[in-house]
Each structure stands twice: as structure tokens, then as C-alpha cells.
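Here are my notes on this model, set out as numbered points. Please read them with the structure open.

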Amino acid sequence: VPESVTALNPKDLEVLKKRDVGRKEKRAGDLALLAGSPLDAYARYTRAAELAKAAHDPLWYAAAKEGCAAAFIAMADGGGHGVDEYLENNFQYPEEVMMMISKDGEKRVDRTKTTLPEAVMMIVEEVLGVYLKNIKLVPLYCELLLKFAAYTADAEEGHLRCRWGEGEGCYPGDANAGGERRFEKMASALGVVNGSDIKVNGRNLNFIDSL
């Protein structure tokens, strides 16, 4: 053990331990994401962010939070074990749509849920705030802005409509298993079919044929 480490007091040693474990968790999250397990990756990124925050390790905190956003997008596009259930339990259509989808006046808006793009945006805004604190992190700031611009252009609208696994390179479900495809399940559960446009955040999005 280096002398500089043994000279630390117990409190500083605990912080150092949290920092090291947090960084290992972040790397484990990267590997889980590469292995096609976004739900496991998200759990590891979340733990990594918690440990990095406790250890006052802002750069690794930001990297772990960015991993959380990447895991959300990978869940939507690539699927995986337990992913669809997680998406259904944590995300919903925009509030404007949920207010219109009702039976016998029952409101379907769940204040504990948000849309997936909103969750991604909140994470990105927080991470950008961290990168802005040091001029040496400007390249990371610009890189994340470009990633988010690409997401907004390519995948955001589909995720806003909860169309999981729809699009080129995405996993729509096992065609041999029969039944609904991933991007049909949420709409089917709420009695929604594609059709007319609804304006969400100033944009017309194709959501609903009949309510």
C-alpha cells in the first residue's frame, strides 16, 4: 500500500474506496451495455453515479449519468431480459396524450412517470452542467451535444410514442414467437392505434385514430 494512502485518515480512506468502487461499477456498466444487457447496465451506472457523488468525483459522476441515458435508449431500441416490463412501469406517453386516453372519464396520467425522451433530456442537461464547470471538459460537452442532437433527430419521436424496437437496427421482438411486436404492446394496452395527429411540445405527432 502506498505511504500516501496509509497516511490518510479513515474518513478519507472511505471516500477513496467509494471512488474506486464507483469507477469499477461504471466500467462494468459499459461492459453490460456492450454485452446487450441495458437493464443491468442501468443498475450499475446508477450505483456508480451514487458512489461517485458520495466520493466527490464529478467527472465520473457525469460519465455514469451519461451511461444511464445510453441505457434508456438501448432498452428502447434493443430490448433485453425484463426490459419491456421496466419501460412500461417507468415511462408513458406525453401528458397531452394520456389525458385524452380515458374510459368513463378516468384519468390515466401517472405523475410518477415521464416520457423516455424527457428522462434522457434531464440527464443530459445535468451532465452538460458538470462539463461546463471546467474548460478542459469542453470537448466532452460538445460531444454530448452532438450525441443528443443525433438522438433528437433520429429516435426521439419514436420513443415519445413508446414505439419500442421500431426502426432500422432495432429489435422489434421475436418474429417466430408470434403475438404483438414490441412497438405495438404499449399502444394495445391503452387502446391506442396509429392515425390522427396530436400536438405535443409544438409538434404534430401521429398517435391516435380513435379515443
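The points below go from the overall fold to one helix pair, and then to single residues.

1. The model is predicted, not experimental. The protein has ten helices and two strands. In sequence order the pattern is α-α-α-α-α-α-α-α-α-α-β-β, with the two strands following the helices.

2. The chain has 211 residues, of which 36% count as buried. Taking contacts between residues at least 6 apart in sequence, 56% join residues at least 24 apart.

3. The helix pair α4 and α5 deserves a look. Two packed helices are described by the angle between their axes and the distance between the axes. Helix α4 covers residues 58–78 and helix α5 residues 83–90; their axes come within 9 Å and cross at roughly 115°. The crossing of α4 and α5 is left-handed.

4. Which residues in α4 and α5 meet? From α4 they are Phe-72, Met-75 and Ala-76, and from α5 they are Val-83, Tyr-86 and Leu-87. The residues of this contact divide into six nonpolar, no polar and no charged.

5. The three α5 residues Val-83, Tyr-86 and Leu-87 are buried. Viewed down the axis of α5, its buried residues fall within an arc of 100°, so they line one face of the helix. Tyr-86 has a relative accessibility of 19% and counts as buried because the cut-off is under 20%. I would note how little separates the value for Tyr-86, 19%, from that cut-off of 20%.

6. Met-75 is in helix α4 and is buried, at 0% relative accessibility. Beyond its neighbours within four places in sequence, Met-75 is in contact with Val-83, Tyr-86 and Leu-87, and also with Pro-38, Leu-39, Tyr-42 and Arg-182. The C-alpha atoms of Met-75 and Ser-37 are 8.4 Å apart, with the two positions 38 residues apart in sequence numbering.

7. The count of aromatic pairs comes to four. In one of them, Tyr-42 with Tyr-86, the ring centres are 5.9 Å apart and the planes are at 55°, so the pair is tilted. This pair links distant parts of the chain: Tyr-42 belongs to helix α3 (residues 38–54) and Tyr-86 to helix α5, 44 residues apart. Ring pairs join Tyr-42, Phe-72, Tyr-86 and Phe-91 into a cluster.

8. His-159 sits in helix α9, residues 156–160. Is His-159 buried or exposed? His-159 is buried, with a relative accessible area of 2%. Leaving out residues up to four places away in sequence, His-159 touches Ile-73, Ala-76, Asp-77, Leu-116, Pro-117, Tyr-151 and Trp-164. One of these, Ala-76, is also among the α4 residues that meet α5.

9. Two backbone entries should be checked by eye. His-56 has a positive phi of about 55° although it is not a glycine. His-56 is in the loop between α3 and α4 and is exposed, with a relative accessible area of 67%.

10. Cys-162 likewise has a positive phi of about 55° and is not a glycine. Cys-162 lies in the loop between α9 and α10 (182–190). At 1% relative accessibility, Cys-162 counts as buried, whereas His-56 is exposed.

Conventions: Residues are numbered from 1 along each chain as its sequence is written. This is a predicted model: local features need pLDDT of at least 70, side-chain atom pairs count only at pLDDT 80 or more; totals for chains, interfaces and linings use all residues. Side-chain values use heavy atoms; hydrogens and water are left out. Helices (H or I, at least four residues) and strands (E, at least two) are DSSP runs, numbered from the N terminus. Buried means under 20% relative accessible area, exposed over 50%, partly exposed in between (1.4 Å probe, protein chains only). Contact means heavy atoms within 4.5 Å. Axes are lines fitted to C-alpha atoms, for helices over the stretch in contact, and angles run from 0 to 180 degrees between N-to-C directions. A crossing is left-handed if the near helix is turned anticlockwise from the far one by less than a right angle, and right-handed if clockwise. Ala, Val, Leu, Ile, Met, Phe, Trp, Tyr, Cys and Pro count as nonpolar, Asp, Glu, Lys and Arg as charged, and the others, Gly among them, as polar. Rings of Phe, Tyr and Trp (its six-membered ring) pair if their centres lie within 6.5 Å; planes under 30 degrees apart count as stacked, over 60 as edge-to-face and the rest as tilted. The arc is that of the directions from the helix axis to the C-beta atoms.
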